[in-house]
Amino acid sequence: GMVAMLRGYLEFWGDRPLAFRFNRWRRLDGLTDERIDRSEQMTRYGVAFMQKAQVEGVVRDDLPPGLALVMSGGLIQFWLESQIEVRDAVSVTGDADLSDEAFISHIMSMLRADPE
């Protein structure tokens with residue numbers, strides 16, 4: 001389900017740091033036409049997955065499914081590139097150090113249709 005998708009996305013980029021850096025460069029300085037083509041190919045499946053999760057009552061339906069997809073993916077990308085800053089921000093209030101799984105749980109708590 002959703003947790004497996006988020007975990008898979010995090011693991012995919014986490015296991016490929018050079019590809020992650022290249023993808024980041026591509027978003028910043030890549031060719032616009034290539035970015036549009038790739039975005040259309042990738043998001044078609046992701047948005048459909050998010051819509052299904054909304055229909056199943058897993059993901060809240062007050063967010064457009066594309067926005068829910070981009071928000072969750074963006075948070076994972078931010079986590080991968082900014083763990084020092086995230087861990088520092090969390091530690092200010094004495095909260096426990098975050099693991100990948102804990103970070104995914106926090107993303108799910110924001111997306112979840114029925115907050116626990």
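## Pocket, core and rings: worked exercises

The largest pocket has a volume of about 710 Å³. Keep in mind that this is a predicted model.

**Exercise 1.** Work out which residues lie nearest the centre of the largest pocket, and which helix gives the most to its lining.

*Solution.*
- Start with the lining itself: 23 residues make it up, and Tyr9, Met42, Thr43, Leu69 and Gln77 are the ones nearest the centre.
- Next, sort by helix. At least two lining residues come from each of H1, H2, H3 and H4.
- H3 gives the most, with eight residues.
- Finally, sort by class: the lining holds eleven nonpolar, eight polar and four charged residues.

**Exercise 2.** Take the largest nonpolar core and find which residues have the most contacts inside it, and which helices supply it.

*Solution.*
- The core counts 18 residues, and Met2, Leu6 and Leu111 have the most contacts inside it.
- Now go through the helices: H1 (2–14), H3 (32–55), H4 (65–81) and H6 (100–111) each bring at least two residues to this core.
- With five residues, H6 gives the most.
- Zoom in on Leu6. Skip the neighbours within four places in sequence, and Leu6 is in contact with Ser72, Ile76, Ile104, Ile107 and Met108.

**Exercise 3.** Count the aromatic pairs, then classify Phe22–Trp25 and Trp79–Phe103 as stacked, tilted or edge-to-face.

*Solution.*
- The count comes to five aromatic pairs.
- To classify one, you want two numbers: a pair of aromatic rings is described by the distance of the centres and the angle of the planes.
- Planes under 30 degrees apart count as stacked, over 60 as edge-to-face, and the rest as tilted.
- For Phe22 and Trp25, the centres are 5.4 Å apart and the planes sit at 35°, so this pair is tilted.
- Both of these residues belong to helix H2 (residues 17–29), three residues apart, which is about one turn of the helix.
- Trp25 has 44% relative accessibility, so Trp25 counts as partly exposed.
- For Trp79 and Phe103, the centres are 4.5 Å apart and the planes are at 15°, so this one is stacked.
- Where do the two rings sit in the chain? Trp79 is in helix H4 and Phe103 in helix H6, 24 residues apart, and the pair links distant parts of the chain.
- Trp79 and Phe103 are both buried.

**Exercise 4.** Find which residues are linked into a cluster by ring pairs.

*Solution.*
- Follow the ring pairs from one residue to the next, and you get a cluster of Tyr9, Phe12, Trp13 and Phe20.
- Tyr9 has come up before: Tyr9 is among the residues nearest the centre of the largest pocket.

How values were computed:
Residues numbered from 1 in each chain as written. Predicted model: local features only at pLDDT ≥ 70, side-chain atom pairs only at ≥ 80, totals over all residues. Heavy atoms only, no water. Core = buried A, V, L, I, M, F, W, Y, C linked by side-chain atoms within 4.5 Å. Buried < 20%, exposed > 50% of the residue type's maximum accessible area, 1.4 Å probe, protein only. Helix = DSSP H or I, 4+ residues; strand = E, 2+ residues; numbered from the N terminus. Contact = heavy atoms within 4.5 Å. Phe/Tyr/Trp six-rings, centres within 6.5 Å; stacked < 30°, edge-to-face > 60°. 1 Å grid on protein atoms, 1.4 Å probe; cavity = no way out; pocket = protein on both sides within 12 Å on 5 of 7 lines; lining within 4 Å. Points joined across faces, edges and corners; volume = space filled by probe spheres on them. Nonpolar A, V, L, I, M, F, W, Y, C, P; charged D, E, K, R; others polar.
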